Amino acid sequence: EQLPISNSGNGKHCHRGTRYVVAASVFSYFRLSAVGGVLRAMSEAEPLQRLEMKRVPQEELIVPLGDDGGSEEGACSACCGVCLLILSCLLIVLMFPFSLFVCLKVVTEYERAVIFRLGRLKPGGPSGPGLFFIIPCMDTYNKVDLRTVVFNVPPQEVLTRDSVTVTVDAVVYFRVKNPTTAICKVANYNWSSRLLAQTTLRNVLGTKILSEVLSDREIISGQMQQILDHATDPWGIQVERVEVKDVRLPVQLQRAMAAEAEATREARAKVIAAEGEQNASRSLKEASDVMSETPTALQLRFLQTLNVISDEKNSTIVFPIPVDTVGGVFPGT
């Protein structure tokens, strides 16, 4: 049947056989089950932005009735919770003092307890450190360790940017900074952090060349720490430190790099020897110029050479003869 719609503000009534749709934007949300109640609430709601009335055919008018299923379920859950609370309190009183062994729990200084009551997070944040009270059959709790945890990232085979396959492992240090978020936001924050560290290690090293992987370990560790800290922040986890532990190269690549390093060292040694010969020849030239100006200097050098030879206890002593002397004795030479 048709429902008469009234407006308490102006006292006007809608004629029978006419349907109106009221479109309005309000800031309050009302759950009413009758059209008259909806219109009355909209007329009283503040602030009311816009009210339009438009005539539509009767077939297009659908007036949904309010669904109180959610409120009924909430009332039922609240009633069951109160009943369980009363029964649990009676049980605690009847079993006193033995019930204290079940109700009283202790967490250490480095732990916190996240308590759930009938599946809902208990307000007030995590409990601890020290003694806290739970209600049997209603409360469950999870202990969270706030100390710094360290784990090894398994060796990962990574293809670098210059197409070289290396095996790299690392060490990650992290701790829980928000126990409630770590329990409610992720199923297993420890295992999730381990898997994320493995994928982050592969992604970061994939953008580096081999020389950067071998020499810029601190830069790579800093990039991994920033990425992991940003990714685990919604989980209530803080990554404190990341260190690249070891970089293992294939055997053939090690041999090639060793041969390259050996060739580089040999070339450097030859350059150093050539520079030494050049400096020695320059010094000998300067010494010969000095001896040519003083004839007695050559004789002193000759005597010094004989002295060095005699100190070595040789059975044969060779006396060098100046070329000028030989030319005087043998004119044909």
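The following paragraphs go through the nonpolar cores, one helix pair and some backbone features of this predicted model. Residues are numbered from 1 along each chain as its sequence is written, and local features need pLDDT of at least 70, while side-chain atom pairs count only at pLDDT 80 or more and totals for chains, interfaces and linings use all residues. Side-chain values use heavy atoms, with hydrogens and water left out.

The largest nonpolar core, meaning a set of buried Ala, Val, Leu, Ile, Met, Phe, Trp, Tyr and Cys residues joined through side-chain atoms within 4.5 Å, has 31 residues, and Val166, Val172 and Tyr189 are those with the most contacts inside it. Two or more residues each come from strand 4 (111-117), strand 8 (149-159), strand 9 (165-176), helix 5 (189-205), helix 6 (210-215), helix 7 (217-232) and strand 10 (237-248), where helices (H or I, at least four residues) and strands (E, at least two) are DSSP runs numbered from the N terminus. Strand 9 gives the most to this core, with six residues. Apart from this core lies another, of five residues, including Val107, Ala113, Ile115 and Phe132. Tyr189, leaving aside its neighbours within four places in sequence, is in contact (heavy atoms within 4.5 Å) with Val144, Asp145, Phe174, Val176, Ala182 and Ile237.

Two packed helices are described by the angle between their axes and the distance between the axes. Helix 5 and helix 7 pack at an angle of about 135 degrees with their axes 10 Å apart, the axes being lines fitted to C-alpha atoms over the stretch in contact and the angles running from 0 to 180 degrees between N-to-C directions. Helix 5 and helix 7 are therefore oblique to each other, given that angles under 35 degrees count as roughly parallel, over 145 as roughly antiparallel, 65 to 115 as roughly perpendicular and the rest as oblique. In this contact, Ser193, Leu196, Ala197, Thr200, Leu201, Val204 and Leu205 of helix 5 meet Ile220, Gln223, Met224, Ile227, Leu228, Ala231 and Thr232 of helix 7.

Most residues other than glycine have a negative phi, and most peptide bonds are trans. The peptide bond from Phe96 to Pro97 is cis, with omega near 5 degrees, and Pro97 lies in the loop between helix 2 (69-94) and helix 3 (100-103). The bond from Gly128 to Pro129 is also cis, with omega near 0 degrees, and Pro129 is placed in the loop between strand 5 (120-121) and strand 6 (130-133).

Key
Buried means under 20% relative accessible area, exposed over 50%, partly exposed in between (1.4 Å probe, protein chains only).
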